[in-house]
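Reader: I would like a close look at the aromatic side chains and the charged side chains around them. Please take them one after another.

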Amino acid sequence: MTIENKSIVQQALTGLIETGDVDALARFLSDDFVHHRPGSSTSTRDEWLAAVSAALAPLAGMRVEIHQMLAEGDHVVVYSRRWLPDAGPEIAVVDIWRIDDGLIAEGWEIIEPTAQVAANLVWWESAQR
(Lines give C-alpha, C1' and ligand atoms only; values in the text may rest on other atoms or scores of the structure.)
Protein backbone atom coordinates (compact mmCIF):
# COMPACT_ATOMS: atom_id res chain seq x y z
CA MET A 1 0.00 0.00 0.00
CA THR A 2 2.76 2.48 0.81
CA ILE A 3 4.31 2.09 -2.64
CA GLU A 4 0.97 2.78 -4.29
CA ASN A 5 0.36 5.80 -2.05
CA LYS A 6 3.80 7.23 -2.86
CA SER A 7 3.03 6.74 -6.55
CA ILE A 8 -0.26 8.65 -6.25
CA VAL A 9 1.46 11.62 -4.58
CA GLN A 10 4.40 11.50 -7.01
CA GLN A 11 2.09 11.55 -10.03
CA ALA A 12 -0.01 14.40 -8.59
CA LEU A 13 3.01 16.59 -7.80
CA THR A 14 4.87 15.78 -11.00
CA GLY A 15 1.82 16.62 -13.09
CA LEU A 16 1.35 19.93 -11.33
CA ILE A 17 5.03 20.92 -11.40
CA GLU A 18 5.62 19.90 -15.02
CA THR A 19 2.45 21.33 -16.52
CA GLY A 20 1.51 24.12 -14.11
CA ASP A 21 -2.06 22.93 -14.59
CA VAL A 22 -4.14 22.29 -11.47
CA ASP A 23 -6.21 19.75 -13.42
CA ALA A 24 -3.14 17.50 -13.32
CA LEU A 25 -3.40 17.65 -9.53
CA ALA A 26 -7.20 17.73 -9.24
CA ARG A 27 -7.70 14.26 -10.68
CA PHE A 28 -5.79 12.81 -7.71
CA LEU A 29 -7.90 14.58 -5.04
CA SER A 30 -11.01 13.12 -3.47
CA ASP A 31 -14.23 15.12 -3.72
CA ASP A 32 -14.13 15.71 0.04
CA PHE A 33 -10.43 16.67 0.11
CA VAL A 34 -9.44 19.04 2.93
CA HIS A 35 -6.25 21.13 3.03
CA HIS A 36 -5.00 22.14 6.47
CA ARG A 37 -2.73 25.08 7.27
CA PRO A 38 -0.95 25.95 10.51
CA GLY A 39 -3.21 28.09 12.64
CA SER A 40 -6.20 25.76 12.16
CA SER A 41 -7.40 27.19 8.86
CA THR A 42 -8.68 24.69 6.33
CA SER A 43 -9.94 24.78 2.79
CA THR A 44 -12.09 22.54 0.67
CA ARG A 45 -10.93 20.88 -2.53
CA ASP A 46 -12.28 23.68 -4.74
CA GLU A 47 -10.98 26.45 -2.48
CA TRP A 48 -7.50 24.91 -2.36
CA LEU A 49 -7.33 24.27 -6.10
CA ALA A 50 -8.34 27.90 -6.74
CA ALA A 51 -5.58 29.08 -4.38
CA VAL A 52 -3.00 26.82 -6.05
CA SER A 53 -4.10 28.06 -9.47
CA ALA A 54 -3.80 31.70 -8.40
CA ALA A 55 -0.34 31.08 -6.93
CA LEU A 56 0.99 29.31 -10.01
CA ALA A 57 1.07 32.32 -12.35
CA PRO A 58 3.53 34.37 -10.28
CA LEU A 59 5.48 31.19 -9.46
CA ALA A 60 6.01 30.11 -13.07
CA GLY A 61 9.63 29.05 -13.34
CA MET A 62 9.90 27.91 -9.72
CA ARG A 63 12.46 25.12 -9.36
CA VAL A 64 11.44 22.20 -7.14
CA GLU A 65 13.66 19.45 -5.77
CA ILE A 66 12.04 16.64 -3.83
CA HIS A 67 14.57 15.41 -1.28
CA GLN A 68 12.53 12.87 0.67
CA MET A 69 9.29 11.00 0.11
CA LEU A 70 8.33 8.68 2.94
CA ALA A 71 5.19 6.58 3.29
CA GLU A 72 3.67 4.81 6.24
CA GLY A 73 0.19 3.33 6.08
CA ASP A 74 -2.15 5.85 4.49
CA HIS A 75 0.21 8.85 4.85
CA VAL A 76 2.93 10.16 2.54
CA VAL A 77 5.38 12.83 3.69
CA VAL A 78 7.30 14.91 1.15
CA TYR A 79 10.22 17.20 1.98
CA SER A 80 11.18 19.54 -0.84
CA ARG A 81 13.26 22.63 -1.47
CA ARG A 82 11.90 25.24 -3.84
CA TRP A 83 13.58 28.21 -5.46
CA LEU A 84 11.15 30.97 -6.33
CA PRO A 85 11.56 32.72 -9.69
CA ASP A 86 13.27 36.05 -10.29
CA ALA A 87 15.85 35.54 -7.53
CA GLY A 88 13.10 34.94 -4.99
CA PRO A 89 13.89 33.17 -1.76
CA GLU A 90 14.59 29.51 -1.33
CA ILE A 91 11.95 27.77 0.75
CA ALA A 92 11.74 24.42 2.50
CA VAL A 93 8.37 22.68 2.36
CA VAL A 94 6.98 19.68 4.20
CA ASP A 95 3.75 18.25 2.84
CA ILE A 96 1.83 15.47 4.53
CA TRP A 97 -0.79 13.70 2.45
CA ARG A 98 -3.41 11.18 3.57
CA ILE A 99 -4.55 8.73 0.93
CA ASP A 100 -7.99 7.14 1.02
CA ASP A 101 -9.30 4.74 -1.60
CA GLY A 102 -6.61 5.67 -4.13
CA LEU A 103 -7.08 9.46 -3.84
CA ILE A 104 -5.54 12.22 -1.75
CA ALA A 105 -8.09 12.96 0.99
CA GLU A 106 -6.19 15.42 3.19
CA GLY A 107 -3.10 17.57 2.99
CA TRP A 108 -1.01 19.52 5.48
CA GLU A 109 1.72 21.94 4.46
CA ILE A 110 4.48 23.76 6.31
CA ILE A 111 6.54 26.33 4.38
CA GLU A 112 9.64 28.05 5.72
CA PRO A 113 12.04 30.41 3.95
CA THR A 114 15.46 28.84 4.43
CA ALA A 115 16.95 32.24 5.25
CA GLN A 116 14.85 32.24 8.44
CA VAL A 117 15.94 28.82 9.66
CA ALA A 118 18.59 30.13 12.06
CA ALA A 119 16.18 32.68 13.54
CA ASN A 120 13.53 30.01 14.00
CA LEU A 121 15.93 27.83 16.00
CA VAL A 122 16.37 30.41 18.78
CA TRP A 123 13.82 28.58 20.94
CA TRP A 124 15.90 25.39 20.67
CA GLU A 125 19.12 27.11 21.71
CA SER A 126 17.49 28.57 24.83
CA ALA A 127 16.08 25.13 25.74
CA GLN A 128 19.61 23.68 25.62
CA ARG A 129 20.85 25.95 28.42
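Author: The aromatic pairs come before the charged side chains here. This is a predicted model, in which local features need pLDDT of at least 70, side-chain atom pairs count only at pLDDT 80 or more, and totals for chains, interfaces and linings use all residues. Residues are numbered from 1 along each chain as its sequence is written, and side-chain values use heavy atoms, with hydrogens and water left out.

Two aromatic pairs turn up in a search of the whole structure. Rings of Phe, Tyr and Trp (its six-membered ring) pair if their centres lie within 6.5 Å; planes under 30 degrees apart are stacked, over 60 edge-to-face, and the rest tilted. One of the pairs is Phe33 with Trp48, tilted, at 5.1 Å centre to centre and 40 degrees between the planes. Phe33 belongs to strand E1 (residues 29-37) and Trp48 to helix H3 (residues 45-56), so the pair ties together parts 15 residues apart in sequence. Helices (H or I, at least four residues) and strands (E, at least two) are DSSP runs, numbered from the N terminus. Phe33 is buried at 2% relative accessibility, and Trp48 is buried at 9%. Buried means under 20% relative accessible area, exposed over 50%, and partly exposed in between (1.4 Å probe, protein chains only). Together with Trp97, Phe33 and Trp48 make up one aromatic cluster.

Among the six salt bridges (a side-chain nitrogen of Lys or Arg within 4 Å of a carboxyl oxygen of Asp or Glu) is that of Asp95 with Arg82, with closest N and O atoms 3.2 Å apart. Both Asp95 and Arg82 are buried.
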